[in-house]
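Colleague: I would like to learn how to read this fold and its ligand site. Could you walk me through the features one by one?

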Amino acid sequence: CAGNAGGGGGGGEGDVLTVGFAQTGSESGWRAANTESMKEAFSEENGFNLIFNAADNKQEAQIAAVRSFINQGVDAIVIAPITVDGWDDVLKEAKDAGIPVVLEDRTVNVDDDSLYASWVGLDFEKEGETAGAWAKETFTEPTNMVVLEGTTGSAPALDRATGFATGSEGAPITTLDSQTGDFTRDGGKKVMEGFLQKYGDSINLLFAHNDDMGLGALDAITAAGLTPGTDIQIVTIDAVRDGMQALADGQFNFIVECNPLLGEKVAEVVKKVVAGETVEKTTIVEDQSFTPEQAKEALPDRKY
Ligand code: GYE
């Protein structure tokens with residue numbers, strides 16, 4: 001479908017949309033791919049002047065960035081909200097200033113849904129459910145699991161945990177421990193080191209809320225003299241290139257995809273919102289999942 005509203009062909013100076021994008025930070029491979037996708041879609045050639053801010057995973061910094069976009073009088077604001085809570089005030093300020101807000105990737109918990117125009121994201125709960133269903137199918141004997149959670153209070157960490165519980169319901173899996181690794185490799189490594197010290201080789205299964213934490217955990221598992229993928233089976237979410245490589249190599253056992261290439265869809269929604277057209281309140285982008293065999297097949301064409 002035609003993305004640009006109005007003005008066939010033109011694209012003169014007056015049509016340029018200034019958009020402030022408040023990104024979470026640069027915690028993971030997924031985030032790098034998402035940032036690239038957003039920068040590509042919100043390019044000058046596509047009629048945008050993008051003001052990009054990455055908040056280093058600090059919610060106060062992200063809120064401050066949104067305030068500064070409001071003060072600059074941008075045409076629209078896009079936010080990938082670090083956590084679900086704490087957005088009411090600044091979203092009201094944007095609304096009062098007449099600046100539409102579009103959420104991408106993660107979502108928020110607000111009393112009044114009209115505080116944002118639209119959310120383009122993923123079904124995090126379904127991702128968790130798919131991971132949990134794989135675990136249920138794979139483990140029919142008593143199994144000890146540890147969990148590396150994403151950033152505390154973030155939509156994907158909350159929803160993936162809920163989804164996993166649903167998907168694995170009835171399986172003989174005991175959760176020994178569940179702690180945040182903040183979606184980073186470093187975090188995953190450190191927390192997994194702690195798990196291994198505490199529970200040693202009684203751990204059979206690791207569920208990491210993203211590939212990067214799982215990749216960090218590989219170092220900890222190998223250093224403890226255990227073989228990842230065999231002694232400890234690993235299920236993660238994202239399906240970024242490094243994760244897919246670990247899966248193809250047999251170090252991971254299953255990955256549920258989370259598509260980071262949201263830029264084009266978000267840009268289309270922003271153009272419509274600014275033009276005053278009605279848009280879907282929620283757009284969910286489809287995810288798939290991968291076994292080691294499927295990862296081997298998909299790797300050569302993987303874009304991120
Ligand atoms: O899974 C993780 C990233 O919000 C879906 O954030 C995103 C998550 C993604 O840091 O790798």
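Colleague: Take helix α2 first. Across which strands does it lie?

Modeller: This is a predicted model. To place a helix on a sheet, look for the strands it crosses, then compare directions. Here α2, residues 59-72, lies across β1 (17-23), β2 and β3. The angle between α2 and β1 is about 170°. Angles run from 0 to 180 degrees between N-to-C directions, so α2 and β1 run in nearly opposite directions.

Colleague: Next, the sheet. What is the strand order?

Modeller: Read a sheet across its strands, not along the chain. The order is β2-β1-β3-β4-β5-β11, six strands in an open sheet with parallel pairing. At the edges sit β2 (48-54) and β11 (282-285), each paired on one side only. From one strand to the next, the twist averages 15°.

Colleague: Zoom in on one pair. How many bridges join β3 and β4?

Modeller: Three bridges, in the parallel sense, link β3 (residues 76-79) with β4 (residues 101-105). Ile77 has Val101 of β4 as its bridge partner.

Colleague: Now the ligand. Which residues are closest?

Modeller: Start with the shell, then ask where its residues come from. The ligand has 13 residues around it, and the closest are Ser28, Trp30, Pro156, Phe183 and Asn210. Both α1 (29-41) and β9 (233-238) supply at least two shell residues each. Domain 1 (13-122 + 260-286) and domain 2 (124-258 + 292-301) each give at least three.

Colleague: And by class, what is in the shell?

Modeller: Six charged residues, five nonpolar and two polar.

How values were computed: Residues numbered from 1 in each chain as written. Predicted model: local features only at pLDDT ≥ 70, side-chain atom pairs only at ≥ 80, totals over all residues. Near = placed C-beta within 6 Å. Helix = DSSP H or I, 4+ residues; strand = E, 2+ residues; numbered from the N terminus. Nonpolar A, V, L, I, M, F, W, Y, C, P; charged D, E, K, R; others polar. Domains from an automatic or database assignment. Pairing = 2+ DSSP bridges. Contact = placed C-beta atoms within 7 Å.
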